[in-house]
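Me: I would like to learn how to read the features of a protein model with some care, from the whole chain down to single residues. Could you take me through this one?

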Amino acid sequence: MALPPQQNVPDLDAGGPAGSVDYPPDGQRYNQPLTISIQAPPYTRITGLDLRNRGMSTNEQIAPDGRSATVTSSTSMFDFNAPHTVFLVADLNAPLAGGTFAGSYTLNGVTQPLTVNIKPGIQGILAGNLRNTSPQGGGVRVLSVDPGSSTETAGLQPGDLIIEVDGILTPTVNDLDDVLRGKRSGVTVPVTVRRAGSLVTLQIPLDPEP
């Protein structure tokens with residue numbers, strides 16, 4: 001068989017709604033069971049399939065992490081006379097610059113690329129007034145937090161001393177910036193602070209850089 005290539009390349013917003021990829025039918029009848037194996041492009045997850053299987057019973061399984069999916073049929077033949085559609089979402093951990101990424105769609109041993117575009121994102125930040133300790137190297141002091149920000153909602157407070165972000169020590173503001181560089185707004189990062197003599201770890205969704 002000759003699996004036609006996908007009809008469209010969706011533009012996905014990381015953390016946004018699902019887009020779809022359609023594989024057009026070739027109109028042929030195949031005297032063999034249907035088997036499909038799908039590998040999601042990097043930084044995406046499969047959320048659904050629509051094979052439009054009229055009169056054919058199929059077993060469709062999407063992996064818990066959405067990175068792959070399989071389809072098998074219990075019938076000895078199938079008619080490829082309707083499009084096959086894969087639904088995907090882009091993860092917030094996609095590169096900030098976005099780009100084009102490819103996985104694969106294999107139908108009865110014949111493979112075509114499964115390609116999506118991921119749109120560029122906005123740099124994520126901790127929304128507040130942050131300063132080095134004096135002398136430098138003792139952590140990052142929170143002087144204020146932007147009202148109404150995700151940073152505030154997640155619990156960061158003035159007076160907190162940020163000592164670690166995403167598992168990496170942040171002795172200075174430059175170190176903190178290095179950890180966050182390339183992370184999209186909306187990504188949740190663990191932030192460990194020293195507060196009133198105790199260590200507290202907050203899960204903070206990054207705010208968009210102004």
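What follows is a dialogue on the overall form, the strands and a few residues of this model.

Me: What kind of model is this, and how are its residues numbered?

Reply: This is a predicted model, in which local features need pLDDT of at least 70 and side-chain atom pairs count only at pLDDT 80 or more, while totals for chains, interfaces and linings use all residues. Residues are numbered from 1 along each chain as its sequence is written, and side-chain values use heavy atoms, with hydrogens and water left out.

Me: How many helices and strands does the protein chain have?

Reply: Helices (H or I, at least four residues) and strands (E, at least two) are DSSP runs, numbered from the N terminus. By that reading the protein chain has two helices and 19 strands.

Me: Is the protein chain compact or spread out?

Reply: One compares the radius of gyration, taken over C-alpha atoms, with a globule rule of 2.2 Å times the number of residues to the power 0.38. Here the radius of gyration is 23 Å, well over the 17 Å that the rule gives for 210 residues, so the protein chain is more spread out than a compact globule. The C-alpha trace spans about 75 × 30 × 25 Å along its principal axes.

Me: What share of the residues is buried, and what share of the contacts joins residues at least 24 apart?

Reply: Buried means under 20% relative accessible area, exposed over 50%, and partly exposed in between, with a 1.4 Å probe and protein chains only; of the 210 residues, 40% count as buried. Contact means heavy atoms within 4.5 Å, and among contacts between residues at least 6 apart in sequence, 64% join residues at least 24 apart.

Me: How should I read the sheet, and which strands stand at its edges?

Reply: Strands of a sheet pair through backbone hydrogen bonds, either parallel or antiparallel. Two strands are taken to pair if DSSP finds at least two bridges between them. In this model six strands form an open sheet in the order 1-11-10-4-7-6, with mixed pairing. Strand 1 (11-12) and strand 6 (58-62) stand at the edges, each with a single partner strand, so one side of each is left without a neighbour in the sheet.

Me: How are the edge strands joined to their partners?

Reply: Strand 6 pairs with strand 7 (residues 68-73) in the antiparallel sense over five bridges, and Q61 stands opposite T70 in strand 7. Strand 1 pairs with strand 11 (residues 110-118) in the parallel sense over two bridges, where D11 has N117 as its bridge partner. N117 is also the bridge partner of T100, in the antiparallel pairing of strand 10 (residues 99-107) with strand 11, which has nine bridges. Strands 10 and 11 form a hairpin with two residues between them, and N108 in the turn has a positive phi of about 50 degrees.

Me: Is strand 9 largely enclosed or open, and which strands does it pair with?

Reply: Six of the seven residues of strand 9 (residues 84-90) are buried, so strand 9 is largely enclosed by the rest of the structure. Five bridges join it to strand 2 in the antiparallel sense, with H84 as the bridge partner of Y23. Strand 5 (residues 44-50) also pairs with strand 9 in the antiparallel sense, over six bridges, and there L88 is the bridge partner of I46.

Me: What should I look for in single residues of the loops, such as Y43?

Reply: One can take location, exposure, contacts and backbone angles in turn. Y43 is found in the loop between strand 4 (35-39) and strand 5, is partly exposed with a relative accessible area of 33%, and has a phi near 70 degrees, a positive value in a residue other than glycine. Leaving aside residues up to four places away in sequence, Y43 touches several others, including R67, V89, F101 and I118.

Me: Which other loop residues deserve the same reading?

Reply: D166, in the loop between strand 15 (161-165) and strand 16 (168-169), has a positive phi near 55 degrees and is partly exposed, at 35% relative accessible area. P135 lies in the loop between strand 13 (128-132) and strand 14 (140-145), and the peptide bond from S134 to P135 is cis, with omega near 0 degrees.
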